[in-house]
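Please read the following note alongside the sequence and the structure. The points are numbered so that each can be checked in turn.

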Amino acid sequence: MHDIRPLIPLLITAGILIGGNGLQGTFISLRGIEEGFSTSVIGMVGTGYFIGFVIGCVYVTKIMRAIGHIRTFSALAAIASAASIMMVLVIDPISWFLMRLVQGICFAGLFAVVESWLNARVTNATRARTLSVYRFVDLGSVTAAQYMIPLFGVSGFDLFAIIAMALSLSLVPISFADKSSPAPPKDVKFDIKVLWSVSPLATVGCIVIGLTNSSFRSLGPIYADGIGMSVTAIATFMSIGIFAGIVLQYPLGHYSDKLDRRVIILISTIGALLAALYLAFLAGDGELANFIGIFVFGAFALPLYSLCSAHANDHAAPGQHALVSAGTLFFWSIGAVVGPLFASFLMDAFGPHALFAYVIVVLTFFAAYTLARIRARDAVPTEKRRMRFRSLLRTSTFFSKLATPPNEKDGG
């Protein structure tokens, strides 16, 4: 605790941000239903956030290098807060899409500031503990925030105000942090051909993860509402799915470091596929059955991004790891932009269970493709792998260094 104590202001800020962001993702979907928006319109609004998040990840380092961490954080928090208020002042699909796009840009930058600041303050001795605390803050704040929805209700101004207040209050602890601003991370160049040449499986995997996991985060509340869950049950449904992502993260990562990582990717994909089959065709409208199904789905589906990133890095040459990370973000963004929108059209046409029927089709393809890649290419021997598995952070594509000992960076 002595080593982590100086990081407490940053961790509190992270908790407020992550909680506000997690609350907003679920709330906007439910509020859209109340305002009479169709599922496809809500999917379009969700797409706006993911487009903005990618833009923020690409450009935030330029802003941080120009004006520093705290000014970047202050400006983005103010803009995101204003965007939250604007959404209740102008209730219109186009306006909501634009505001969610703005919020995506801002949240990517806000998380980047916090995580790069944390990265600059940790040492090898405190790295693992800090990452564990950060994960605890992540899960705890997202889970707790979901229950603000049944507490205050979906109607009215209350939750928009609470989100805006959270963004404003996040400035307070970070303002009391160490006044010395760390050096911003280096810019990362994009070369999307690099990732495909290094690992076709990781490329396809990142697109698949964007198609499926982003659809769950955007449309999961619509599914739960469509099968008749109460607001409290919807909050529980989303919390369980998100929390479950940490349950198998480290066991799967541990075995992927020891075995052919593609086999673990295949196992994780099949586990998520079976859970989606259960949710689409067996769980029905029962709350408990759906809670069990979404727990299993989250446990297998959410670690896939970290597994695919680790697999790509297995094949990356020295000096290619930053480019590979940029590539994973790009291909994930393709899926994240397309997935919620396409799944929402299916839900409009065929009902709420179409969400997981869509996931089944995508994951079936990916399982078959993974099996084909296992047969087409030998695995990288464990002793020749340049990086171990690591559980990636919110803006992990650029700021996963928090989990990376210096002698592992860039394959060193």
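1. Glutamate 35 is partly exposed, because its relative accessibility is 30% and the partly exposed class lies between under 20% and over 50%. The side chain of glutamate 35 meets that of arginine 31 in a salt bridge, with a distance of 2.7 Å from N to O. Arginine 31, by contrast, counts as buried, since its relative accessibility is 5%. This bridge therefore pairs a buried residue with a partly exposed one.

2. It should be stated at this stage that the model is predicted. The mean pLDDT of the protein is 84, and 83% of the residues reach a value of 70 or more. Over residues 405-412, however, pLDDT stays under 50. The model has 20 contacts beyond four places in sequence for that stretch. Where pLDDT is low, predicted coordinates should not be read in detail.

3. How many salt bridges does the structure hold? There are three. In general, side chains of opposite charge can pair when their charged atoms come close. Besides the bridge of point 1, arginine 261 pairs with aspartate 257, and their closest N and O atoms are 3.0 Å apart. Arginine 261 is buried because its relative accessible area is 1%. Aspartate 257 has a relative accessible area of 17% and is therefore also classed as buried, the limit being under 20%. Aspartate 260 forms a salt bridge with arginine 262, with 2.9 Å between the closest N and O atoms. Both aspartate 260 and arginine 262 are buried.

4. As regards the overall fold, the protein contains 18 helices and zero strands. Of its 412 residues, 58% are buried. Among contacts between residues at least 6 apart in sequence, 86% join residues at least 24 apart. The protein exposes about 16000 Å², and carbon and sulfur atoms supply 68% of that area.

5. Is glutamine 146 buried or exposed? Glutamine 146 is buried, because its relative accessible area is 0%. This residue belongs to helix α5, which covers residues 127-146. The side chain of glutamine 146 makes a polar contact of 2.7 Å with the side chain of threonine 26. Beyond its neighbours within four places in sequence, glutamine 146 touches Gly22, Leu23, Thr26, Ala235, Met238 and Ser239.

6. Serine 215 offers a second example of a buried position, as its relative accessible area is 0%. Serine 215 lies in helix α10, residues 200-226. When neighbours within four places in sequence are set aside, the contacts of serine 215 include Gly210 and Gly220. Gly339, Pro340, Ala343, Leu355 and Tyr358 are also among the residues in contact with serine 215.

7. The surface also deserves attention. Which residues form the nonpolar patch there? Phe243, Val247, Leu288, Ile292, Phe295 and Val296 form this patch, and together they have about 500 Å² of accessible area. Helix α14, residues 287-301, provides the largest share of the patch, with four residues. Phenylalanine 295 is found in helix α14. With a relative accessibility of 33%, phenylalanine 295 is therefore classed as partly exposed.

Definitions and conventions
Residues numbered from 1 in each chain as written. Predicted model: local features only at pLDDT ≥ 70, side-chain atom pairs only at ≥ 80, totals over all residues. Heavy atoms only, no water. Patch = residues over 30% accessible without salt bridge, like charges linked within 9 Å, V, L, I, M, F, W, Y side chains within 5 Å. Areas by Shrake-Rupley, 256 points an atom, 1.4 Å probe, with all protein chains shown as cover. Salt bridge = Lys/Arg side-chain N within 4 Å of Asp/Glu carboxyl O. Helix = DSSP H or I, 4+ residues; strand = E, 2+ residues; numbered from the N terminus. Buried < 20%, exposed > 50% of the residue type's maximum accessible area, 1.4 Å probe, protein only. pLDDT = per-residue confidence, 0-100. Contact = heavy atoms within 4.5 Å. Polar contact = N/O pair within 3.5 Å; in protein donor to acceptor, adjacent residues only side chain to side chain.
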